[in-house]
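Grab a viewer and work through these exercises at your own pace. Each one comes with a task, followed by a solution in steps.

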Amino acid sequence: MLSEHPNDGTHSVYVKGKVVTTLRFEQLVDASKTRMIGWEGRLEPLAVVRNKVILEPIHDLNRDEGIPLVVTLADGTEIPFLVKPPWSKRDGGWSPILDQQVDVFNDRESYASMHAALMDALKQNDTLVEENERYRKEENSVDHAYATLLVNGQRKKTPFRRRFVYRPRNEDMDMVVEVFEGPGKAAALVTLQNTYYGGPWEFDGAYLSRDFTHYTARPFALRMDRATIVPGETGRIAVVVDRSAFLTDDGRLTDLALQIFRGDGLLQVVVKLERTIVQK
């Protein structure tokens, strides 16, 4: 939905390498006046077909990249966009979001525009229902309860026993990683002290995968005491993993890699959870 309000910024379009994204407008697009800036080597040449603009990145864009796009309609209206990688910063972290067809409406009173708005509202409602259900399950989850106790320094109230401790080296952050074993579960507690006096550290995301060569996401429970750590401050991130997450499709146990990323998208720390922790 386009807006004439001066406070509304340029709309973002989220694209992924080798995946076609189509912008669809209510009227014809003037191909001669529709252009991108600095797209060379990043996207295929821009394609305009009647009322559609077709984008196809050659490869994934870096998280901090943005390519300006100006679409000019047949009546001379210019509509600016910013073509970006499929990540959107929301809810305190980065979330994947990919656009494949974007219907652009200027007339909010048209049937198509109202129908699109209704469909969008229904989709948002379904998402909220799913999130509420997930939060409800988390509140009743034993693993999330254990993670909460760990991050609050109450390990003695959990069944976990410390397996080993190590200090990864980093010039901007003092880090301590503790790995725990428990009955049919493993856990990790990462303590971060921001020693970089140039700005705050922000949590981006945590991902758990099989070994260090696979990207199959595995389930886990996570709790943290703060998502932003200002210089001189300390924060903690606790993760609890059930034994079932260590199992391969054929029932064998495998090692897991916990990766924690910071706000600029860089990897902050990797924690190896060995299968021997849950073999008993």
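**Exercise 1: a sheet, strand by strand**

Strand E2 (residues 21-25) runs parallel to E10, and the two are paired over four bridges. Keep in mind that this is a predicted model.

Task: work out which residue of E10 is the bridge partner of Leu-23, and where the strand pair sits in its sheet.

Solution.
- Step 1. Look across from Leu-23: its bridge partner in E10 is Val-102.
- Step 2. Now zoom out to the sheet, which is open, has four strands and follows the order E4-E5-E2-E10. Pairing in this sheet is mixed.
- Step 3. Check the ends of that order. The edge strands, each pairing on one side only, are E4 (47-49) and E10 (101-104).
- Step 4. Add the geometry: going from one strand to the next, the twist averages 20°.

As a reminder, strands of a sheet pair through backbone hydrogen bonds, in either a parallel or an antiparallel sense.

**Exercise 2: two residues, buried or exposed?**

Task: decide whether His-144 counts as buried or exposed, and do likewise for Gly-263.

Solution.
- Step 1. Find His-144 in helix H2 (residues 142-151).
- Step 2. The cut-off for buried is under 20% relative accessible area. His-144 counts as buried because its relative accessibility is 9%.
- Step 3. Look at what the His-144 side chain touches: a polar contact of 3.2 Å links it to the side chain of Ser-141.
- Step 4. Move to Gly-263, in the loop that connects strand E18 (256-262) and strand E19 (267-273).
- Step 5. Gly-263 has a relative accessibility of 18%, so this loop residue counts as buried too.
- Step 6. For a distance check, take Ala-227, 36 residues from Gly-263 along the chain: their C-alpha atoms are 9.7 Å apart.

**Exercise 3: the whole chain, and how far to trust it**

Task: describe the chain overall, then say which stretch has pLDDT below 50.

Solution.
- Step 1. Count the elements: there are two helices and 19 strands.
- Step 2. Turn to burial and surface. The chain has 280 residues, of which 38% count as buried. About 16300 Å² is exposed, with 50% of that coming from carbon and sulfur atoms.
- Step 3. Consider contacts between residues at least 6 apart in sequence: 58% of them join residues at least 24 apart.
- Step 4. Check confidence. The average pLDDT is 82, and 78% of the residues score at least 70. Residues 90-94 are the stretch below 50, and the model gives them 12 contacts beyond near neighbours in sequence.
- Step 5. Where pLDDT is low, don't read the predicted coordinates in detail.

Key:
Residues numbered from 1 in each chain as written. Predicted model: local features only at pLDDT ≥ 70, side-chain atom pairs only at ≥ 80, totals over all residues. Heavy atoms only, no water. Pairing = 2+ DSSP bridges. Axes fitted to C-alpha atoms, helices over the stretch in contact; angles between N-to-C directions. Buried < 20%, exposed > 50% of the residue type's maximum accessible area, 1.4 Å probe, protein only. Polar contact = N/O pair within 3.5 Å; in protein donor to acceptor, adjacent residues only side chain to side chain. pLDDT = per-residue confidence, 0-100. Contact = heavy atoms within 4.5 Å. Areas by Shrake-Rupley, 256 points an atom, 1.4 Å probe, with all protein chains shown as cover.
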